[in-house]
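Work through the exercises below with the sequence and the 3D view at hand. Try each task before reading its solution.

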Amino acid sequence: MCRWIAYSGTPVLLGQVLLQPEHSLIDQSLHSRMGVETTNGDGFGVGWYTQDTATPALLRDIGPAWNNRNLQEVAHHVRSGLFFGHIRATTGTAVQQSNCHPFRSGRWMWMHNGMISDFPRLRRDLALAVEPALYPDIEGSTDSELMFYLALSFGLSDDPPRAVARMAGFVEATGHAHGVTYPLQMTVAVSDGERVWAFRYSSEGRSRSLYFSTKVDALRALHPDVSFLRDISDATRLVVSEPLGDLTGAWNEVPESSYGIVQPGGGVLGAFRPDPDPVRPA
C-alpha cells in the first residue's frame, strides 16, 4: 500500500509540509505507523499547482523518497497553495516512473492508496470502460491510474463525487462478476487546482487510514506557541494517510465510507456509497 498527503491553503514551501513535521511524509516512507507496510520505498511523487498555469507540475521517481536530492531541492524552493505528496509501496505492478502517483490529466490530479483485488483478472473488463479518447493517455499499469481514467470517463470534470461513486460501483460490479468478494480498497485524493476531494471506502468496510486537520483557528487557541499556525490562513487544511505529528487536537479521522471537499469558503463532509448500477460509458 502507500501513504499520501494533500495540502490546500496558504502558499508555503513544499518542504514545510513534506519534510519538516515530526512524522512527515518522508519519515513515513521509512517508518509508517498505520500502513500495511512500514516501508514505502517503491517510488514517490509530488504534484503542485501555481498561479502561472492551470495544469499541475509533477515530480516522480522510482527511488525512495528519503534520499532523493531532487525532491529536497524542489521542496526547499517551490511554493504552492495546493499540492499532493505520495510515497508508494507496490501491490504487484512494476516499479517504474509511469506507475508513480500523482497522476495527471489536464487540470486534474489524482492519487490513491489501496488496491483492486485480483486486478490482473479484472483489468481487461475495466479498461474497456475507459472512454476511447482517454485510453491512449494511460501510461502505466496500475489499478490506481485505471481508476482515475474510469472516473474521468464517468464524468469527473462535471461531478467528482458522483463520478468516483460510479467508478467504485463499476469496479465492484466487475469484481463480483468475477467472483471477487471484496473488490475495492481505496483512499483517494483528486483535485482540479481549486478544490480537493478525498474519499475513504472499501468493499469490506475496513478502509485504510485517513485523517483531516482541525480548523486552524481552533488549533491556534489550543497551541498559541506554534509559529507555523500563525502564518497560515484559517482556510488551510491537510488530508493525510496518517497524522504528521502528535499535536493535541490536530487530527480527525475521516469516517468510514465518506468523502470530504476542501474548498474556499469551508469544507464539506458527507457519506460515500458506490453507485450500484453505474451506466457504462458509451
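The exercises that follow deal with a predicted model, first its cavities and then one of its sheets.

**Exercise 1.** State how many cavities of 30 Å³ or more a search of the whole structure finds, and give the volume of the largest cavity.

Solution. Step 1: the search covers the whole structure and finds two cavities of 30 Å³ or more. Step 2: the largest cavity holds about 80 Å³ of space.

**Exercise 2.** Describe the lining of the largest cavity: which residues are closest to its centre, and which elements supply at least two residues?

Solution. Step 1: the lining has 13 residues, and those closest to the centre are Arg88, Thr91, His101, Asp143 and Ser144. Step 2: at least two lining residues come from strand S6 (108–116), and at least two from helix H5 (143–153). Step 3: S6 gives the largest share, three residues. Step 4: sorted by character, the lining of the largest cavity has nine polar, two charged and two nonpolar residues.

**Exercise 3.** Do the same for the second largest cavity, and sort its lining into nonpolar, polar and charged residues.

Solution. Step 1: the second largest cavity contains about 50 Å³ of space. Step 2: its lining includes Leu18, Leu25, Ile26, Phe44, Val46 and His86. Step 3: helix H2 (25–31), strand S2 (44–50) and strand S4 (79–87) each contribute at least two residues to this lining. Step 4: eight of the lining residues are nonpolar and three are polar, with no charged residue.

**Exercise 4.** Trace the open sheet of six strands: in what order do the strands stand, and why is one side of S5 and of S13 left without a neighbour?

Solution. Step 1: the order is S5-S6-S7-S8-S12-S13, with antiparallel pairing. Step 2: strand S5 (103–105) and strand S13 (268–271) are at the edges and have a single partner strand each, so one side of each has no neighbour in the sheet. Step 3: on average, and with direction ignored, neighbouring strands of the sheet are turned by 15 degrees against each other.

**Exercise 5.** Look at the edge strand S5 and at the helix that packs on the sheet. How many bridges join S5 to S6, and which strands does helix H6 touch?

Solution. Step 1: S5 and S6 run antiparallel and are joined by three bridges. Step 2: Arg104 has Met109 in S6 as its bridge partner. Step 3: helix H6 (residues 160–177) packs on the sheet and touches S6, strand S7 (184–191), strand S8 (196–202) and strand S12 (258–262). Step 4: the direction of H6 makes about 25 degrees with that of S8.

How values were computed:
Residues are numbered from 1 along each chain as its sequence is written. This is a predicted model: local features need pLDDT of at least 70, side-chain atom pairs count only at pLDDT 80 or more; totals for chains, interfaces and linings use all residues. Side-chain values use heavy atoms; hydrogens and water are left out. On a 1 Å grid over the protein atoms alone, a cavity is a set of points where a 1.4 Å probe fits but cannot get out, and a pocket is an open set with protein on both sides within 12 Å along at least five of seven lines; lining residues have an atom within 4 Å of a point. Grid points are joined across faces, edges and corners, and a volume is the space filled by probe spheres set on the points. Helices (H or I, at least four residues) and strands (E, at least two) are DSSP runs, numbered from the N terminus. Ala, Val, Leu, Ile, Met, Phe, Trp, Tyr, Cys and Pro count as nonpolar, Asp, Glu, Lys and Arg as charged, and the others, Gly among them, as polar. Two strands pair if DSSP finds at least two bridges between them. Axes are lines fitted to C-alpha atoms, for helices over the stretch in contact, and angles run from 0 to 180 degrees between N-to-C directions. Contact means heavy atoms within 4.5 Å.
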